[in-house]
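Open your viewer and get ready to click along. We will go from stop to stop, and each one begins with something to select.

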Amino acid sequence: MIKPLSFVLLTLSLTACGRLGHVGKPPDFTPDTQSPERVAMIAAGLPTQLAPDRLSDNASLWSGGQRSLLGDRRAMKRGDIMTVVIEIDEEAQIRNSTARSRSGSESLGIPQLFGIPQRVNQGITDGASLDEAVSIDSDSSSRGDGSVRRSEELTLRIAATVIDVLPNGILSIEGVQEVRVNFEMRELFVSGYVRPEDISRQNEITYDKIASARISYGGRGQISDMQQPRIGQQVLDVVLPF
């Protein structure tokens with residue numbers, strides 16, 4: 001039976017192993033031996049059409065292959081590489097203002113009701129009267145004001161690999177890029193689905209034409225570790241109700 005204190009210490013030690021891996025040395029690159037890009041390049045899949053006759057193709061001045069002078073060199077099958085252009089320059093500004101005011105007044109008087117008010121007025125204290133039996137005043141107002149403003153700018157280029165071709169012809173792409181500067185590793189990841197006809201003649205595609213796009217830009221290393229709160233502080237932020 002593992003005691004609660006031992007379990008907490010074991011969890012903290014396992015969580016800290018990722019940071020201890022680059023103590024005194026720069027962070028290691030992610031091994032690409034089993035990456036989806038490498039697997040797609042090695043196993044390109046079965047051809048969807050028969051290969052052209054090489055003898056007749058070599059006898060012609062113009063070849064219809066992908067590597068010919070006038071051939072379509074865009075990525076179209078598994079293992080091909082394309083360039084993803086990420087140029088995000090967006091700005092959104094929303095402002096809402098609401099004001100509401102309402103005022104109401106109700107008054108009910110019975111000065112003459114078979115002489116009853118006069119009789120009642122004689123029996124009550126001075127200054128009181130039943131001439132205005134019911135009087136209601138109400139006043140309410142509310143006002144709201146809110147604004148949202150966001151601005152994002154990101155310009156990147158990354159090579160992505162076609163890792164799969166779906167039955168409808170859509171290409172599934174994925175690209176990973178790592179750049180290490182001193183003791184800090186910059187990581188860029190992009191994935192999604194693209195149509196072959198959206199790929200330009202320069203074998204490039206912009207991020208806004210990628211369906212289910214997943215773009216991640218970050219890093220890891222000593223500077224990133226210093227910018228993150230400690231593990232104990234993160235646990236306390238989740239547990240403490242105040």
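Leaving aside its neighbours within four places in sequence, which residues is N203 in contact with? Select N203 and look around: R73, R74, A75, I81, M82 and T83 are there, where contact means heavy atoms within 4.5 Å.

Before going further, a word on what you have loaded. This is a predicted model, in which local features need pLDDT of at least 70 and side-chain atom pairs count only at pLDDT 80 or more, while totals for chains, interfaces and linings use all residues. Residues are numbered from 1 along each chain as its sequence is written, and side-chain values use heavy atoms, with hydrogens and water left out.

**Stop 1: N203**

Stay on N203, in the loop between β4 and β5 (204-206). Helices (H or I, at least four residues) and strands (E, at least two) are DSSP runs, numbered from the N terminus. N203 counts as buried because its relative accessibility is 13%; buried means under 20% relative accessible area, exposed over 50%, and partly exposed in between (1.4 Å probe, protein chains only). Now show A75 as well: its backbone nitrogen lies 2.9 Å from a polar atom of the N203 side chain.

**Stop 2: the whole chain**

Zoom out and colour by secondary structure. You should find six helices and six strands, in the order α-α-α-β-α-β-β-β-β-β-α-α from the N terminus on. Of the 242 residues in the protein chain, 18% are buried. Among contacts with a separation of 6 or more, 69% are between residues 24 or more positions apart.

Next, colour by pLDDT, the predictor's confidence in each residue, from 0 to 100. The protein chain averages 76, and 64% of the residues score at least 70. Which element has the lowest mean pLDDT, and which the highest? Helix α3 (residues 54-59) has the lowest, at 53, and β5 the highest, at 94. Where pLDDT is low, the predicted coordinates should not be read in detail.

**Stop 3: the nonpolar core**

Select M82, V84, I86, L171, I173 and V194. These are the residues with the most contacts inside the largest nonpolar core, which has 18 residues. Such a core is a set of buried Ala, Val, Leu, Ile, Met, Phe, Trp, Tyr and Cys residues joined through side-chain atoms within 4.5 Å. The elements that give two or more residues to this core are β1 (81-108), β2 (134-165), β3 and β4.

Centre on V84. Not counting residues up to four places away in sequence, V84 touches L156, R157, I158, A160, I173, V190, I205 and I210.

**Stop 4: the β3-β4 hairpin**

Select residues 171-181 and 184-194. These are strands β3 and β4, which pair in the antiparallel sense over eleven bridges; two strands pair if DSSP finds at least two bridges between them. Check the partners as you go: Q177 has L188 as its bridge partner in β4, and V181 stands opposite E184 in β4.

Two residues lie between the strands of this hairpin. One residue to click here is N182, in the loop between β3 and β4. N182 has a positive phi of about 55° although it is not a glycine. Is N182 buried or exposed? N182 counts as exposed because its relative accessibility is 65%.

**Stop 5: across to β6**

Add residues 211-221, strand β6, which pairs with β4 in the antiparallel sense over nine bridges. Here R186 stands opposite G219 in β6.

Then pick V179 in strand β3. V179 is partly exposed, with a relative accessible area of 34%. Not counting residues up to four places away in sequence, V179 touches E184, M185 and R186. Draw a distance from V179 to G219: their C-alpha atoms are separated by 9.2 Å, although the two residues are 40 residues apart along the chain.

For the last selection, choose S212, which lies in strand β6. What is unusual to look for in its backbone? S212 has a positive phi of about 50° although it is not a glycine, and this residue is partly exposed, with a relative accessible area of 46%.

Definitions and conventions:
Polar contact = N/O pair within 3.5 Å; in protein donor to acceptor, adjacent residues only side chain to side chain.
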